[in-house]
Amino acid sequence: MDFFNPASAVSVYYVLINIAAYLLYAEDKRRAVKKAWRISERTLILISVFGGALGAYLGMTLLRHKTKHRKFQIIVPVTLVLHLALYACIMVHLVDSAVPV
């Protein structure tokens with residue numbers, strides 16, 4: 001894989017931000033159990049908005065964390081769908097522009 005082409009860069013970004021999102025949800029869940037200082041809800045929502053929606057969704061469902069909060073029930077799945085569509089559009093555009101005519 002060529003990490004210097006735009007399609008690879010976008011893919012690497014999405015992989016890294018989703019790993020970070022999942023780890024943030026896992027850390028917040030750990031802190032909740034220990035009744036320690038928590039990661040702000042704003043941070044958890046923002047990482048979803050900036051592309052980590054899949055990691056956030058997996059963190060919510062697999063860790064059973066923030067699943068009863070209405071704003072998380074709405075925002076995370078909506079941003080997941082939007083980012084999947086955005087990723088698909090970006091990849092189609094980058095592949096179409098890279099194919100010689």
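This report walks through the helices, the loops and the core of one predicted protein model.

## The overall picture

Let us start with the whole chain. It holds three helices and zero strands, so reading from the N terminus the elements run α-α-α. Along its principal axes, the C-alpha trace spans about 60 × 25 × 20 Å.

How much of the chain is buried? Buried residues make up 31% of its 101 residues. The accessible surface comes to about 6800 Å², and carbon and sulfur atoms account for 71% of that area. Among contacts with a separation of 6 or more, 68% join residues that are 24 or more positions apart.

## Helix H1

Helix H1 covers residues 6-34. How far apart are the end C-alpha atoms of H1? They are 42 Å apart, and this agrees with the 42 Å expected because each of the 29 residues is counted at 1.5 Å.

At the N-terminal end, asparagine 5 acts as a cap: one of its side-chain oxygens lies 3.1 Å from the backbone nitrogen of alanine 7. Further along, the buried residues of H1 include Val10, Tyr14, Ile17, Ala21 and Tyr25. Polar names appear on that list too, among them Ser8, Asn18, Asp28 and Arg31. To read such a list, it helps to know that an α-helix has 3.6 residues a turn, so residues three or four places apart point the same way.

## Helix H2 and its bend

Now follow the chain into helix H2, residues 41-63. A straight helix of 23 residues would span 33 Å, yet the end C-alpha atoms of H2 span only 16 Å. Where does H2 bend? Look at glycine 52, where the bend is about 130 degrees.

Several residues of H2 are buried, and glycine 52 is one of them. The list also includes Gly51, Gly55 and Gly59, along with Leu44, Ile45, Ala56 and Met60.

## Positive phi in and around the loops

Most residues other than glycine have a negative phi. With that in mind, three residues here are worth a look. Lysine 35 follows H1 and has a positive phi near 55 degrees; its place is in the loop between H1 and H2. Arginine 64, just after H2, takes a positive phi of about 50 degrees. Lysine 66 has a phi near 70 degrees, and it is found in the loop between H2 and helix H3, residues 70-98.

Are the two lysines buried or exposed? Lysine 35 counts as exposed because its relative accessibility is 75%, over the 50% cut-off. Lysine 66 counts as buried because its relative accessible area is 9%, under the 20% cut-off.

## The nonpolar core

In soluble globular proteins, nonpolar side chains tend to be buried together. The largest nonpolar core in this model has eight residues: Tyr25, Ile39, Leu44, Ile45, Ala56, Met60, Phe72 and Val76. Which elements give two or more residues to this core? They are H2 and H3, and H2 gives the most, with four residues.

Alanine 56 is a good place to zoom in. Leaving aside residues up to four places away in sequence, alanine 56 touches Ala21, Tyr25, Ser48 and Val76. Two of these partners, Tyr25 and Val76, are also listed in the core.

Technical notes
Residues are numbered from 1 along each chain as its sequence is written. This is a predicted model: local features need pLDDT of at least 70, side-chain atom pairs count only at pLDDT 80 or more; totals for chains, interfaces and linings use all residues. Side-chain values use heavy atoms; hydrogens and water are left out. The expected span of a helix is 1.5 Å times one less than its number of residues. The bend at a residue is the angle between axes fitted to the seven residues ending there and the seven starting there. Buried means under 20% relative accessible area, exposed over 50%, partly exposed in between (1.4 Å probe, protein chains only). A polar contact is a pair of N or O atoms within 3.5 Å; within protein, one must be able to donate a hydrogen and the other to accept it, and residues adjacent in sequence count only if both atoms are side-chain atoms. A nonpolar core is a set of buried Ala, Val, Leu, Ile, Met, Phe, Trp, Tyr and Cys residues joined through side-chain atoms within 4.5 Å. Contact means heavy atoms within 4.5 Å. Accessible areas come from the Shrake-Rupley method with a 1.4 Å probe; for residues, only the protein chains shown count as cover.
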